[in-house]
Amino acid sequence: MNDRPFNEHSYEQFLREGKIMGSKCKKCGALALPPRPICVACFGSQMEWVEFTGDGKLVAFTSIVVVPPAMAQEGFGRNHPYITGVVELREGVKIVARITGIDAKKPERIKVGTPLKAEFLQRGEGPGKERILAFKA
Ligand SMILES: [Zn+2]
């Protein structure tokens with residue numbers, strides 16, 4: 001698995017296997033999630049894979065009422081909003097993901113700093129089945 005290229009495709013492949021994998025620069029130690037082939041900090045190109053714990057906290061969020069088609073298929077919409085947020089992982093990397101386990105109809109009750117844990121949501125059936133990374137409060 002360690003010879004996979006450092007890109008979105010590998011990242012999604014790992015998600016399907018239930019792993020959150022990012023890249024770590026061998027030169028300066030900077031982390032990237034999703035992984036990148038070139039370090040954003042020092043432009044080094046020697047990378048290694050690191051598995052993230054999936055523990056994090058909520059940094060910012062939005063309640064989504066005008067939903068994309070894939071989410072409408074899951075039953076979300078004006079009367080059933082969902083939350084998208086910025087999650088800061090324990091490793092110090094930020095990622096945008098869907099937030100679950102929070103009442104999206106009462107965004108005023110949602111607190112920045114809420115601890116979150118990664119979970120994997122299934123979307124679709126058969127060969128087109130996807131595994132999506134979300135964070136549960
Ligand atoms: Zn670097």
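1. Start with helix H1 in this predicted model. H1 gives the largest share of the lining of the largest pocket, namely five residues. Other elements join in: H1 (8-16), strand S5 (82-89), strand S6 (94-100) and strand S8 (130-136) each bring at least two residues to that lining. So if you want to find the largest pocket on screen, look for these four stretches of the chain, with H1 as the main contributor.

2. How big is that pocket, then? Its volume comes to about 380 Å³. A total of 19 residues line the largest pocket, and those lying nearest its centre are Leu15, Glu130, Arg131, Ile132 and Leu133. Sorted by class, the lining of the largest pocket holds ten nonpolar residues, eight charged ones and one polar one.

3. The second largest pocket has a volume of about 150 Å³. Its lining is made of 13 residues, with Phe76, Pro81, Tyr82, Ile102 and Ala104 closest to the centre. Two elements, S5 and S6, give two or more residues each to this lining. S6 is the top contributor to the second largest pocket, with three residues. By class, this lining splits into seven nonpolar, three polar and three charged residues. Note that S5 and S6 turn up in the lining of the largest pocket as well.

4. Now for the metal. Which residues hold the zinc ion? The protein donors are the SG atoms of Cys25, Cys28, Cys39 and Cys42, at 2.3 to 2.4 Å from the zinc ion. Along the chain, the donors follow the spacing C-x2-C-x10-C-x2-C. The arrangement around the zinc ion is tetrahedral, because the angles subtended by the four donor atoms run from 103 to 114 degrees, and the tetrahedral label asks for all angles to lie between 85 and 135 degrees.

5. Are the zinc donors Cys25 and Cys28 buried or exposed? Cys25 counts as buried, because its relative accessibility is 2% and the cut-off for buried is under 20%. Cys39 is buried too, with a relative accessible area of 3%. Cys28, on the other hand, is partly exposed at 40%, which falls between the buried limit of 20% and the exposed limit of 50%.

6. With cysteines in view, you may also want to check for disulfides. A disulfide is a covalent bond between the sulfur atoms of two cysteines. How many does this structure hold? The count is zero.

7. There is also an enclosed space to look at. The structure holds one cavity of 30 Å³ or more, and the largest cavity has about 50 Å³ of space. Its lining consists of Ser23, Cys25, Ala30, Leu31, Ala32, Arg36, Ile38, Cys39, Val40 and Met47. Strand S1 (21-25) and strand S2 (31-32) are the elements that give two or more residues to this lining. By class, the lining of the largest cavity has eight nonpolar residues, one polar and one charged. Cys25 and Cys39 are worth a second look here: they line the largest cavity, and they are also among the donors of the zinc ion.

8. Two backbone details deserve a check, both in the loop between S2 and strand S3 (47-51). Most residues other than glycine have a negative phi, and most peptide bonds are trans. The peptide bond from Leu33 to Pro34 is cis, with omega near -10 degrees, and Pro34 is found in that loop. Phe43, a residue other than glycine, has a positive phi, near 65 degrees. Phe43 also sits in the loop between S2 and S3. As for its surroundings, Phe43 counts as exposed, because its relative accessibility is 65% and exposed means over 50%.

9. Last, the overall picture. The protein chain has two helices and eight strands, and from the N terminus on, the order of its elements is α-β-β-β-β-α-β-β-β-β. The C-alpha atoms fill a box of roughly 50 × 35 × 20 Å, taken along the principal axes. Of the 137 residues in the protein chain, 34% count as buried.

Methods:
Residues are numbered from 1 along each chain as its sequence is written. This is a predicted model: local features need pLDDT of at least 70, side-chain atom pairs count only at pLDDT 80 or more; totals for chains, interfaces and linings use all residues. Side-chain values use heavy atoms; hydrogens and water are left out. Donors are N, O and S atoms within 2.8 Å of the metal (3.2 Å for Na, K and Ca); water is not among the atoms, so sites may look incomplete. Four donors count as tetrahedral if all angles lie between 85 and 135 degrees; four count as square planar and six as octahedral if opposite donors are over 155 degrees apart and all others between 65 and 115; anything else is irregular. Buried means under 20% relative accessible area, exposed over 50%, partly exposed in between (1.4 Å probe, protein chains only). A disulfide is a pair of cysteine sulfur atoms within 2.5 Å. On a 1 Å grid over the protein atoms alone, a cavity is a set of points where a 1.4 Å probe fits but cannot get out, and a pocket is an open set with protein on both sides within 12 Å along at least five of seven lines; lining residues have an atom within 4 Å of a point. Grid points are joined across faces, edges and corners, and a volume is the space filled by probe spheres set on the points. Ala, Val, Leu, Ile, Met, Phe, Trp, Tyr, Cys and Pro count as nonpolar, Asp, Glu, Lys and Arg as charged, and the others, Gly among them, as polar.
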